[in-house]
Amino acid sequence: MGVPTKEPTIETKAVEDTKSIGNTNSPKTKKKRLTTTHRISLGDVTPNNLGQLKRLNSVLFPVNYSEKFYKDVLEVGEFAKLAYFNDACVGAVCCRKEPIQGTIPEQTKLYIMTLGVLAPYRNLGLGTTLLTHILHHATCGTPTAPKFIEIFLHVQTSNEEALAFYQKYGFEIIGTVEGYYKKITPPDAYILSKKLVKNI
Ligand SMILES: CC(C)(COP(=O)(O)OP(=O)(O)OC[C@H]1O[C@@H](n2cnc3c(N)ncnc32)[C@H](O)[C@@H]1OP(=O)(O)O)[C@@H](O)C(=O)NCCC(=O)NCCS
């Protein structure tokens, strides 16, 4: 969705962990190394930890999300997740389902509203863990949760880090929306899409 705005300070534990993985501002070329004591896991978003998701998003994105955003996030099941580095909550993904009007049988796209990892924890595979989880659940249809035909999102045109990340996982730029963002510069967004069903 957007660009990172400021360095995170929300978790004392997270900062301690950062010291142990070293190199908190490493450029992409300096790959961080995980040790066996480092554990990446995902957890559900629940009413009890919704505050944690709100704090993460306020650090990660220059956009204030509404109460409705967070109410809806509680309803999407596997399509909203928190990411943990050891026991510290350092990343999250939030999606929404978008039915396509007039299609029979009804087809649905999945829209990634936010996907982010706190800066000191990037380049460790957390973003991949979150995205892989979403792609898995978007493509393993069941009778009650049919497959999605496409997954898409907006990325600010200047956000090279996110572009490289999504392109690595097969997303393509399918359009540009000028003036998509109202309060940040540049205001333009690419639409990134990955088709999940062939021949559409
Ligand atoms: C995009 C983002 C989620 C990636 O998270 P991450 O945890 O660093 O991702 P991973 O460690 O799983 O990286 C996976 C791949 O992404 C690509 N990538 C990630 N960061 C990159 C960077 N700075 N430059 C180039 N490629 C990058 C690489 O191909 C990497 O593969 P590699 O490890 O084999 O080199 C993270 O940069 C972020 O939170 N950005 C701010 C929020 C944001 O803009 N979100 C996108 C809009 S919703």
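**A tour from helix H2 to the ligand shell**

Begin by selecting helix H2, residues 50-60, where the buried residues are Leu53, Leu56, Asn57 and Leu60 (buried means that 20 or more other C-beta atoms, placed from the backbone, lie within 10 Å of the residue's own; helices are DSSP runs of H or I with at least four residues, and strands are runs of E with at least two, numbered from the N terminus). Looking down the axis of H2, you will find that these buried residues fall within an arc of 95°, taken over the directions from the helix axis to the C-beta atoms, so they line one face of the helix.

What you are viewing is a predicted model, in which local features need pLDDT of at least 70 and side-chain atom pairs count only at pLDDT 80 or more, while totals for chains, interfaces and linings use all residues. Residues are numbered from 1 along each chain as its sequence is written.

Next, add strands S2 (80-85), S3 (88-100) and S4, against which the buried residues of H2 pack (contact means C-beta atoms, placed from the backbone, within 7 Å).

Now select the ligand and the 26 residues that surround it, the closest being Gly116, Arg122, Gly127, Thr128 and Ala164 (C-beta atom, placed from the backbone, within 6 Å). Strand S4 (107-117), helix H4 (126-139), strand S5 (150-156) and helix H5 (160-168) each supply at least two residues of this shell.

From S5, move to strand S7 (residues 189-195), which runs antiparallel to S5 and is joined to it by seven bridges (pairing requires at least two DSSP bridges); here Gln156 stands opposite Ala189. Finally, select strand S6 (residues 172-177), which five bridges join to S7 in an antiparallel arrangement, with Ser193 as the bridge partner of Glu172.

Terms used
A residue is buried if 20 or more other C-beta atoms lie within 10 Å of its own, exposed if 12 or fewer, and partly exposed in between; C-beta atoms are placed from the backbone. Two residues are in contact if their C-beta atoms, placed from the backbone, lie within 7 Å.
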